[in-house]
Amino acid sequence: MSLLEEINSLILEAESSLSKCNSEEELDASKNLFVGKKGKLTQVLKGLAALSVEEKKTIGKVANEAQVRIESFLENRRAALKEEFYQIKLKEEFIDALRPVNGNERGTLHPITQIQYEIEDIFTSMGFSVMDGPEVETDENNFAALNFTEDHPARDMQDTFYTTDGNLLRTHTSAIQVRALRNLKPPFRIIAPGRVFRYEEVDASHENTFYQVEGMVVGENISIANLIYTMETLLSSVFRTSVKTRLRPGYFPFVEPGFELDIQCLVCEGKGCSVCKQSGWLELLPCGLIHPNVLSHAGHDPKKWTGFAFGLGLDRLVMMRYGINDIRYFQSGNLRFLNQF
Ligand code: PHE
């Protein structure tokens with residue numbers, strides 16, 4: 001076979017080999033076989049050295065053309081393969097963008113947010129305003145102005161998260177009482193919902209992050225009767241049923257007298273369960289008359305002004321309403337839990 005014939009048959013051989021390739025790897029292998037360093041065409045070109053100058057010219061030209069032709073065939077095959085894969089992918093990953101969506105796949109408000117809004121409605125209808133405050137607070141607002149002594153155990157590291165700059169994560173929304181007393185002119189009525197933090201061992205009824213609604217009324221001749229009336233209005237509205245309550249003395253440095261308003265556990269109806277720690281009752285509403293020291297600390301004359309305050313735990317309220325037996329669900333982000341509300 002002459003050199004020319006050999007080149008022509010190599011072209012055909014290469015083209016037939018390349019057209020059978022079905023992947024990048026096969027294409028690369030086939031390329032090496034013909035036009036690579038040790039490829040068949042390269043070998044043939046080495047034979048040119050033995051030829052005359054005239055022959056070198058003509059056959060060299062043919063050989064170069066052959067190389068170009070094989071390479072362009074190879075690139076075409078590569079592009080065709082790419083397109084083939086793309087089409088297969090398109091078919092496999094088909095998405096019908098016009099398919100009607102399921103109208104029920106909507107988010108809902110967190111159950112704690114829902115009850116917070118409800119409580120805001122109840123109180124604004126009774127003439128209260130809604131106040132806000134920051135989650136990082138000063139010792140002054142969270143403790144000192146609320147008549148906590150310097151060595152009060154609630155300041156202890158066991159209960160409170162401190163920040164490195166000497167501030168703290170508020171342990172109760174009562175810090176907003178202090179802001180209200182400083183910024184508002186009595187008489188006033190406010191509630192203040194918010195997230196609070198305690199350095200707690202977490203279990204079915206304790207979280208390190210939870211929600212409260214603070215309430216505060218300051219005016220002339222405000223009495224315990226006003227407090228009890230307001231609390232009963234709130235609870236009957238929230239539970240839409242008569243709940244059993246009891247009032248016990250309770251100690252908080254910023255109220256005098258102070259109370260614990262308990263409600264009978266709605267999860268077990270008083271029989272005892274993990275939510276009420278087997279007691280049948282839940283501490284739901286600590287409250288009391290504002291301590292004279294708190295009023296005078298804020299510059300208000302305690303002989304003229306009196307008031308009451310309460311701190312409602314929202315997590316427990318929601319647990320009671322729906323019979324939820326573990327507080328940890330609220331912060332869990334578990335959609336199977338949240339989708340129920
Ligand atoms: N801040 C108190 C607590 O979180 C609750 C409270 C509020 C008590 C208002 C009395 C009056 O424990």
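Buried residues, meaning those under 20% relative accessible area with a 1.4 Å probe and protein chains only as cover (exposed is over 50%, partly exposed in between), make up 41% of the 341 residues in the protein chain. What you have open is a predicted model, in which local features need pLDDT of at least 70 and side-chain atom pairs count only at pLDDT 80 or more, while totals for chains, interfaces and linings use all residues. Residues are numbered from 1 along each chain as its sequence is written, and side-chain values use heavy atoms, with hydrogens and water left out.

**The whole chain**

Begin with the whole protein chain in view, where the C-alpha atoms fill a box of roughly 125 × 45 × 35 Å along the principal axes. The radius of gyration is 40 Å, whereas a compact globule of 341 residues would have one near 20 Å; this radius is taken over C-alpha atoms, and the globule rule is 2.2 Å times the number of residues to the power 0.38. Switch to a cartoon view to find 12 helices and 9 strands, which are DSSP runs numbered from the N terminus (H or I of at least four residues for helices, E of at least two for strands).

With a surface displayed, the protein chain exposes about 19,400 Å², of which carbon and sulfur atoms supply 52%; such areas come from the Shrake-Rupley method with a 1.4 Å probe. Among contacts (heavy atoms within 4.5 Å) between residues at least 6 apart in sequence, 68% join residues at least 24 apart.

**Helix H7 and its neighbours**

Next, select residues 175-183, which form helix H7, and look for the buried residues Ala175, Ile176, Gln177, Val178, Ala180 and Leu181. Against which elements do the buried residues of H7 pack? Add to the selection strand S2 (136-137), helix H6 (139-142), strand S4 (188-197), strand S5 (209-219), helix H9 (292-297) and strand S9 (306-313), since these are the elements that they pack against.

**Two cis peptide bonds**

Most peptide bonds are trans, but the next two stops are cis. Moving on from H7, select proline 186 and proline 187, which are joined by a cis peptide bond with omega of about 0°; proline 187 lies in the loop between H7 and S4. Then go to glutamate 256 and proline 257, where a cis peptide bond has omega of about -5°, and note that proline 257 belongs to strand S7, residues 255-264.

**A pair of cysteines**

Select cysteine 265 and cysteine 268 and show their side chains. The structure holds 0 disulfides, a disulfide being a pair of cysteine sulfur atoms within 2.5 Å. For cysteine 265, the nearest cysteine sulfur is that of cysteine 268, 3.6 Å away. Cysteine 265 is buried, with a relative accessible area of 1%, and cysteine 268 also counts as buried, at 10% relative accessibility.

**The loop between S7 and S8**

Most residues other than glycine have a negative phi. Finish at glutamate 269, where phi is near 55°, a positive value in a residue other than glycine; this glutamate is placed in the loop between S7 and strand S8 (281-290). Is glutamate 269 buried or exposed? At 59% relative accessibility, glutamate 269 counts as exposed. Glutamine 278, likewise in the loop between S7 and S8, has a positive phi of about 65° although it is not a glycine, and glutamine 278 is exposed, with a relative accessible area of 55%.
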